[in-house]
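Reader: I would be grateful for a close look at a single part of this model, namely the barrel and what packs against it. Please set out the conventions as you proceed.

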Amino acid sequence: EKLGWRVGFSAYSFRTATVLAALQKIADTGLHYTELFAWQKLSPENPNATPAAGLSKSLQKDLKKKAADLGVNMIGIYSGLDKADSAKAMFDFAADMGFEFIVSEPPESMLDAVEKLTEEYKIDLALHNHPKPSHYWNPNTGLAALKGRSERMGFCCDTGHWCRCGLDPVAMLKMVGPRVKAFHLKDLDQFGIPGAKDVIWGQGKGRIAEILAEVKTQGIQRPYFGIEWERTSNEPLETHAKSAAFFEQVARTLAAT
């Protein structure tokens, strides 16, 4: 909080649970932010509803109330933005929900349309990097695609996928820093290995402490750091609490220097 940093979860960490159950798990871990994903089932009572365009106003209200009651701030969502009509519908939904950003990997042919939507709705695009052969696996591709575009067009830095591709996450962050919107912050048991597995922040090869130091050096404003745990979908919350504790330890040291 002293640094103006926000830490929480990608709801994908709890992908076999419903949205409402995931919010409860996030709150139980003691964290207060989340990025949803657009195809997660909402609840047992509404298994065909998802947090996406088309969610009824009444269910939107219920979702907001549940998050508020738990003290969890839903600040973004991962969604496809592949076609003009569906992209506009997603931005409509994001505006109704009060999201700050949409994490996505739209084709470059869609970027003109998405840029206009970010300005119209005052909601940022956070361009995500899946591993190669994903189009945006290398930050140079995204930087070229975003050159000259609005400041609302930026990056969601998946540091684990950088590591899986053999890209030094600190060096990559130095490249994209001014356009960072959010992080899928991952620590992995191996570097440069596509199948590397998640480990608790600070216990692997992902240079988590150095990434946080670089964020402070660059003065990135109000960044959001999300735990996105891929190894399992039902990891004990104690595991995630250890990551949060490591993050707090590093942040405390950085805030004091």
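Author: The account below begins with the conventions and then turns to the barrel, its pocket and one residue beside it.

The model is predicted, so local features need pLDDT of at least 70 and side-chain atom pairs count only at pLDDT 80 or more, while totals for chains, interfaces and linings use all residues. Residues are numbered from 1 along each chain as its sequence is written, and side-chain values use heavy atoms, with hydrogens and water left out.

Eight strands close into a barrel with parallel pairing, in the order β1-β2-β3-β4-β5-β6-β7-β10. Strands (E, at least two residues) and helices (H or I, at least four) are DSSP runs numbered from the N terminus, and two strands pair if DSSP finds at least two bridges between them. On average, neighbouring strands of this sheet are turned by 30 degrees against each other, direction ignored. Strand β1 (residues 6-10) runs parallel to strand β2 (residues 33-37), and two bridges join them. Phe9 has Thr34 as its bridge partner in β2.

Helix α9 (residues 237-255) packs on the sheet and touches β1, β7 (180-185) and β10 (224-227), where contact means heavy atoms within 4.5 Å. The direction of α9 makes about 150 degrees with that of β10; axes are lines fitted to C-alpha atoms, for helices over the stretch in contact, and angles run from 0 to 180 degrees between N-to-C directions.

Both β1 and α9 supply at least two residues each to the lining of the largest pocket, and the largest share, six residues, comes from α9. In total, 19 residues line this pocket, and Glu1, Lys2, Trp5, Val7 and Glu248 lie nearest its centre. The space in the largest pocket is about 480 Å³. A pocket is an open set of points on a 1 Å grid over the protein atoms alone, where a 1.4 Å probe fits, with protein on both sides within 12 Å along at least five of seven lines; lining residues have an atom within 4 Å of a point. The volume is the space filled by probe spheres set on the points, which are joined across faces, edges and corners.

Thr159 lies in helix α6 (residues 159-164). Thr159 counts as buried because its relative accessibility is 1%, and buried means under 20% relative accessible area (1.4 Å probe, protein chains only). Not counting residues up to four places away in sequence, Thr159 touches Pro169, Phe183, His184, Leu185, Lys186 and Ile211. The side chain of Thr159 also reaches the backbone nitrogen of Lys186 at 3.0 Å.

Notes. Buried means under 20% relative accessible area, exposed over 50%, partly exposed in between (1.4 Å probe, protein chains only). A polar contact is a pair of N or O atoms within 3.5 Å; within protein, one must be able to donate a hydrogen and the other to accept it, and residues adjacent in sequence count only if both atoms are side-chain atoms.
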